[in-house]
Every structure is written in structure tokens, then in C-alpha cells.
Amino acid sequence: RHRRTRRQHLPSPNIPDVASTAAIVPITGEDAMEKVSTKISLSLPSMLAASRSVVACSGKSAKAPLGKAEAMVRGLEAEGESAMSFPASALRHAATWLLDEDSAVLLRQRRASGVREREGG
């Protein structure tokens with residue numbers, strides 16, 4: 001109950017997909033091959049209303065090797081990001097984020113905490 005009250009104070013987005021009152025929303029955009037595709041997602045209000053949220057990101061794309069890592073910076077650290085500009089940023093303090101080394105490679109917090117790459121073997 002305490003978490004739900006805290007979440008209600010997040011800024012309201014002004015774009016339809018993010019502000020939707022529907023539980024599930026279509027997300028249309030270009031994929032890595034520049035083809036338009038539509039996927040479905042839980043709406044941001046649905047994610048914020050959940051008692052627990054988890055954002056998981058792993059691996060890297062052959063087309064954009066740092067694409068996921070750059071997205072994690074936008075979601076977790078970039079100043080000026082909002083639910084309108086990058087919806088996952090609204091989950092910054094409301095979700096547990098599970099990242100592998102490839103998706104966390106650009107995060108300042110990771111470098112500042114002294115996390116080192118594991119050596120092979």
C-alpha cells in the first residue's frame with residue numbers, strides 16, 4: 001500500500017501509449033531491419049500499479065551492439081528522461097532491474113562501484 005501511494009506522484013505523460021488507461025497497449029515502430037512492426041505491452045499505469053515490477057535486459061544486438069546498454073542508461077541514469085521520452089524511465093525507482101554485463105556496460109553506477117568484468121576460465 002505504501003508503494004502504491006508513492007507511485008501516484010510520478011509525472012503524468014502526455015503521449016497516448018504511455019497515458020493509456022488500457023491494461024495492454026499496442027506499440028508500433030520500426031524494428032532493427034527498418035520494418036514497421038506492432039508488439040503489445042502492459043501499459044505504464046498497469047506496470048506502476050503492480051505490487052512488484054521487474055525489468056530484465058540481457059545480451060546485445062548484432063545490428064546495434066550498444067543499443068540495449070544505451071537504453072539502460074536512458075532508463076536508469078539519464079537526466080531529462082521522462083515517461084514521455086522513454087517510458088521505462090518511469091520505472092526507475094519502482095522496479096527491480098535485472099541486467100547482464102552486456103546491458104549494464106555503460107552505466108556510471110556500475111563503473112563507480114568498482115564492478116569488474118569477470119575473467120575467463
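This passage describes the overall make-up of a predicted protein model and then turns to the surroundings of one residue, Arg-92.

The predicted model contains 6 helices and 4 strands. Read from the N terminus, these elements follow the order α-α-β-β-α-β-α-β-α-α. The protein has 121 residues, and 27% of them count as buried. Its exposed surface comes to about 8,700 Å², with carbon and sulfur atoms contributing 55% of that area. As for how the chain meets itself, 52% of the contacts with a separation of 6 or more join residues 24 or more positions apart.

Within this framework, Arg-92 makes a rewarding stop. The residue sits in the loop that links helix 4 (67-76) to strand 4 (96-99). Arg-92 is buried, yet it takes part in no salt bridge. The nearest side chain of opposite charge belongs to Glu-81, at 6.7 Å; a salt bridge requires a side-chain nitrogen of Lys or Arg within 4 Å of a carboxyl oxygen of Asp or Glu, so this pair does not qualify.

What, then, does the side chain of Arg-92 reach? Two backbone oxygens can be named here. That of Gly-75 lies 2.9 Å from a polar atom of the Arg-92 side chain, and that of Leu-76 is reached at 3.3 Å. Gly-75 and Leu-76 both fall within the span of helix 4 (67-76).

The wider contact list of Arg-92, with neighbours within four places in sequence set aside, comprises Arg-74, Gly-75, Leu-76, Glu-77, Ala-78, Glu-81 and Trp-97. Of these partners, Trp-97 belongs to strand 4 (96-99).

Key:
Residues are numbered from 1 along each chain as its sequence is written. This is a predicted model: local features need pLDDT of at least 70, side-chain atom pairs count only at pLDDT 80 or more; totals for chains, interfaces and linings use all residues. Side-chain values use heavy atoms; hydrogens and water are left out. Helices (H or I, at least four residues) and strands (E, at least two) are DSSP runs, numbered from the N terminus. Buried means under 20% relative accessible area, exposed over 50%, partly exposed in between (1.4 Å probe, protein chains only). Lys and Arg count as positive and Asp and Glu as negative; His and the chain ends are not counted. A polar contact is a pair of N or O atoms within 3.5 Å; within protein, one must be able to donate a hydrogen and the other to accept it, and residues adjacent in sequence count only if both atoms are side-chain atoms. Contact means heavy atoms within 4.5 Å. Accessible areas come from the Shrake-Rupley method with a 1.4 Å probe; for residues, only the protein chains shown count as cover.
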